[in-house]
There are 2 protein chains.
Amino acid sequence: MKELLIDLDISAKTALYEQIYEYIREEIMGGRLSKGERLPSARLLAENLQVSRSTADAAYAQLVSEGYLMAKRGSGYYVCDISSLYDFTINRFDSNNTGAYIREKQADSPKAGNRNQYNGEHAGTQECMYSFLPGQIDEACFPYNAWRKSAKEALADLETGHRLLQAGDPKGEYPLRRAIASYLHHARGVRCSPHQLIIGAGNEYLLQILGQVLGAPLKAAMENPTYLQAYHTFCNIGCEVQAVPMDEDGIRTEEIPGWNFNKQQTEKQPADAQSSLDTETKKDGLFLVYVMPSHQFPLGAVMPLKRRLELLAWAGACEGRYIIEDDHDSEFRYKGRPIPSLQGMDREGKVIYLGTFSNSIMPSIRISYMVLPMELLAAYEKKCGFYTSTVSKIQQMTVCRFIEDGCFERHLNKMRGIYKAKHDCLLQLLKKKKWVRRIYGDRAGLHMAVELNCSLTEEEITERAASCGLLVQGMSGCYLAGGKKPEAGPVLLLGFGNLTKSQICAAAAILDQCMEHEK
Amino acid sequence: MKELLIDLDISAKTALYEQIYEYIREEIMGGRLSKGERLPSARLLAENLQVSRSTADAAYAQLVSEGYLMAKRGSGYYVCDISSLYDFTINRFDSNNTGAYIREKQADSPKAGNRNQYNGEHAGTQECMYSFLPGQIDEACFPYNAWRKSAKEALADLETGHRLLQAGDPKGEYPLRRAIASYLHHARGVRCSPHQLIIGAGNEYLLQILGQVLGAPLKAAMENPTYLQAYHTFCNIGCEVQAVPMDEDGIRTEEIPGWNFNKQQTEKQPADAQSSLDTETKKDGLFLVYVMPSHQFPLGAVMPLKRRLELLAWAGACEGRYIIEDDHDSEFRYKGRPIPSLQGMDREGKVIYLGTFSNSIMPSIRISYMVLPMELLAAYEKKCGFYTSTVSKIQQMTVCRFIEDGCFERHLNKMRGIYKAKHDCLLQLLKKKKWVRRIYGDRAGLHMAVELNCSLTEEEITERAASCGLLVQGMSGCYLAGGKKPEAGPVLLLGFGNLTKSQICAAAAILDQCMEHEK
């Protein structure tokens, strides 16, 4: 068993558990702790380092959840096989002003359903008392005053010099891009300069633009189940989509087309080499993998490190492969540290990062952002640089003010506490229910997926619930056409963002009622 | 010569010249005045109807500009050949709540350049004193107070019941669609219900969506020169574009592919008939014609009635043909009545109408709208109904308030006067210049196209001007790749929207300087 000599700095801003986490992580990544090696128990580590047991536990838990360590019951913690699939020394596209991969204690949020659902023009929901639909945010706690102030100041700023009226920057206002880049850097470990950021009116719009940047023919592999809005967008732009099954760690990488490259030969083939993959890529156009590694929708899986590295290796193995990291869900996380982005690990310019303010501010604001690798940025400028920005300048500068004045961070911190309380309340309730077989994605976000232990179909349950005044959505609508659905029982997506604790209890009681009289 | 028995209503809200215009128009459309028939002179008409001579002149001028009458110098006014190309009795898709084709005294506006240009992140324009670039609106006269009030009220409205935070209607907020439909109906003669309106973040976005609705393969014919943003968008979505030459009336209809159908056989072929056109359409997918009939960009041509009817007949001649009417330019018109939209004449659901608030409110607002024929609306719902709106709810409701409170109309009326004064000032100046060969598009919009009488190239002139502190753009950048450029001399696009009269004089003087020393 390796002894860990960690030089903790008690006066540092970084929490002790984070310092331990960081140290062990670096040891593993640097190869100084190798596959299968056993680490001291949490009790022993705490003793050695003179920290509390809970601090040691937290550090280990985070390392386990990110896939660096494996916990064997009764036996302790072991270093995982992260193999040498991915070479961290390559750093082709690192731009000067992004700096190192810094992590700070920040946050993560989720989206849900068709992740943010519209209730219809003359919504038939008036009769419904409660909604478990995913993608609803807490409406009572929005900082209206701060928002109004930001909006007012942004308008006043823009009136000066009549900048309000002039056409905006095609990629989005520079100050907002700068603010987002800085936020992503600190909160998500994303490495980018503001120049790599494109601001657009929603993720679907940005995916359409991306399709134009990449050009036809285009293929994409998606997790199944997944976020169907993205799937339909791919279909609409003529992209051929392949469903890839999931397990509890996320997308099953070995089922991604082109996965069968020899793991011993992971060094990149020279561009002119006639490897079968290269030929395939040239003939078939580009290949994308669309994933949500921080918190998969709808299942909530967090992709462990090993699989992340596998994905990056797959993308790096030949030209024409890219990963879309949809980080829709990264602000509200209730257990452990935020999971850093895949983009931050990428050294070969293979990850396209997508984020949104739909959950962190409001669904109706329609501001998303995309971070392009440098190579694709050039293609963007050439093919899509002529497009006018799709977001109004006033809205952009309002959000910019909101972030720069610290309102955004305060709002996120407040909401994380509020959502955690709702989350804990629902989780405790569900754990007592006989009709709950399994709960997925219960560490983050604004919804959980609940596999049921009952003989009713999803449709029967949602109908029964609606007739009792509860809107609820099944997971079957999240599967890709043609993709395999598992044999498991019905699964409900329970969004709790806009319910109070007592509403959560009442809504859960309605579900009790629905399950009571089975067929 | 036909005597005109017009029953004028002096107490009516409608101006006398409009009543005369309306009467004669109806007589022509109803076939009671036929091709070649000579009308009384303006003097005689004025006498007969007991109106002023200028009233009779105004009515005739409008009828001439819309292509109902032809003026022969020294001989009088004759009814044009509007043939029976297009059957006005078909009214398949008229919806109940749009009512009749009502026209009221309203307005038209233009766009320019890449119609609304962004000056760059670190714009090199600081050194330039003046900008003749098209697409600039008057920044000094914007009703900041009214706008601020609308924004504040919209926010307050939305806070009630937390509607601000809920995801919006995918097609755009209903109250805004209702307000736009009503505006379009009264100001532009557009017949549509709010349900046919899709609000989106800019014309280019809406064209991309339209491409998805129509599906591949897609072909489009465009006027040449044209609005290149639309051309590039078509190219990006895989639409094959054909350049069609223009004359002073706009697109030369006889050069549109598929034009060579027998004019005697204009009755629609039954869907199953094996006409060569039908076969062609099925094999080749859909065919679009993209036009700007109210005020063509960049040349400013107003498409006369005959050509409008020809276009509608072309579209109606077989399945799979649609016309995109980009009415970007319909708010500011300085001579005669506004030219009603092509969409308002369409009875077969062949016209897709596009409009924008970029010129009428501000370029940075990013709100455009598209009116779909009922047939395409169904396809939209099916293929694109899942897309979340691309415009933020706050912005939509701010514009809605701005329109409903009458601020929009007041703003347009005020700006029309302001722009007309600038327009007249520039026109007077240009008419005196030796280097001006011809002026195009001088009745509307925020720019003119000026053909030069000089041996310099466009590039030389724009470079000389820039070195003297004046930004100016040539028209050669508006031609489609592969389309023929005419042999004419260099043409400049002179946008005057954001220049004061004295700035217009100073800028024109710089042009004098540039032309002074020819090669």
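**Figure 1. Gln50(B) in the loop between α2 and α3 of chain B.** In this predicted model, Gln50(B) sits in the loop that joins α2 (42-49) to α3 (53-65) of chain B. Its phi is positive, about 60 degrees, although the residue is not a glycine. Most residues other than glycine have a negative phi. Gln50(B) is exposed, because its relative accessible area of 72% is over 50%.

**Figure 2. Gln50(A) in the loop between α2 and α3 of chain A.** The flanking helices are α2 (42-49) and α3 (53-65) of chain A. Gln50(A) is not a glycine, yet it has a positive phi of about 60 degrees. Relative accessibility is 74% for Gln50(A), so the residue counts as exposed.

**Figure 3. The cis peptide bond at Pro298(A).** The bond runs from Phe297(A) to Pro298(A) and has an omega near 5 degrees. Most peptide bonds are trans. Pro298(A) is placed in a loop of chain A, with β9 (286-291) on one side and α9 (305-316) on the other.

**Figure 4. The cis peptide bond at Pro217(B).** Here the bond leads from Ala216(B) to Pro217(B), with omega near -10 degrees. Pro217(B) belongs to the loop between α6 (203-214) and β6 (218-224) of chain B.

**Figure 5. Thr356(B) and its polar contact with Ser358(B).** Thr356(B) lies in strand β11, which spans residues 351-356 of chain B. Its relative accessibility is 2%; under the 20% cut-off, Thr356(B) therefore counts as buried. A polar atom of the Thr356(B) side chain lies 2.9 Å from the backbone nitrogen of Ser358(B).

**Figure 6. Chain A laid on chain B.** Two copies of a chain are related by a rotation about an axis and a shift along it. For chain A on chain B, the turn is 180 degrees and the shift along the axis is 0.0 Å. The RMSD of the fit is 0.1 Å. That is the relation of a two-fold axis. The same surface serves both copies, as 100% of the contact residues of chain A recur in chain B.

**Figure 7. The area buried between chain A and chain B.** In the contact, 53 residues of chain A meet 53 residues of chain B. About 4800 Å² is buried between the two chains. Carbon and sulfur atoms give 57% of that area. Tyr144(A), Leu165(A) and Phe386(A) supply 14% of the area that chain A buries against chain B. No other three residues supply more.

**Figure 8. Salt bridges and polar contacts between chain A and chain B.** The interface holds two salt bridges. One salt bridge joins the side chains of Arg148(B) and Glu159(A), at 2.9 Å from N to O. Between the chains, 24 residue pairs are in polar contact, counting pairs with both residues at pLDDT 80 or more.

**Figure 9. The side of chain A that touches chain B.** Several helices of chain A each supply at least two residues of this side. They are α4 (144-159), α5 (174-188), α6 (203-214), α7 (228-236), α10 (374-384) and α11 (393-404). By residue class, this side of chain A divides into 24 nonpolar, 18 polar and eleven charged residues.

Note on methods
Residues are numbered from 1 along each chain as its sequence is written. Chains are lettered from A and ligands numbered from 1 in the order in which they are written. This is a predicted model: local features need pLDDT of at least 70, side-chain atom pairs count only at pLDDT 80 or more; totals for chains, interfaces and linings use all residues. Side-chain values use heavy atoms; hydrogens and water are left out. Helices (H or I, at least four residues) and strands (E, at least two) are DSSP runs, numbered from the N terminus. Buried means under 20% relative accessible area, exposed over 50%, partly exposed in between (1.4 Å probe, protein chains only). A polar contact is a pair of N or O atoms within 3.5 Å; within protein, one must be able to donate a hydrogen and the other to accept it, and residues adjacent in sequence count only if both atoms are side-chain atoms. Copies are superposed by least squares on the C-alpha atoms of residues with pLDDT of at least 70 in both. Contact means heavy atoms within 4.5 Å. Buried area is the accessible area (1.4 Å probe) that two parts lose on being put together, summed over both. A salt bridge is a side-chain nitrogen of Lys or Arg within 4 Å of a carboxyl oxygen of Asp or Glu. Ala, Val, Leu, Ile, Met, Phe, Trp, Tyr, Cys and Pro count as nonpolar, Asp, Glu, Lys and Arg as charged, and the others, Gly among them, as polar.
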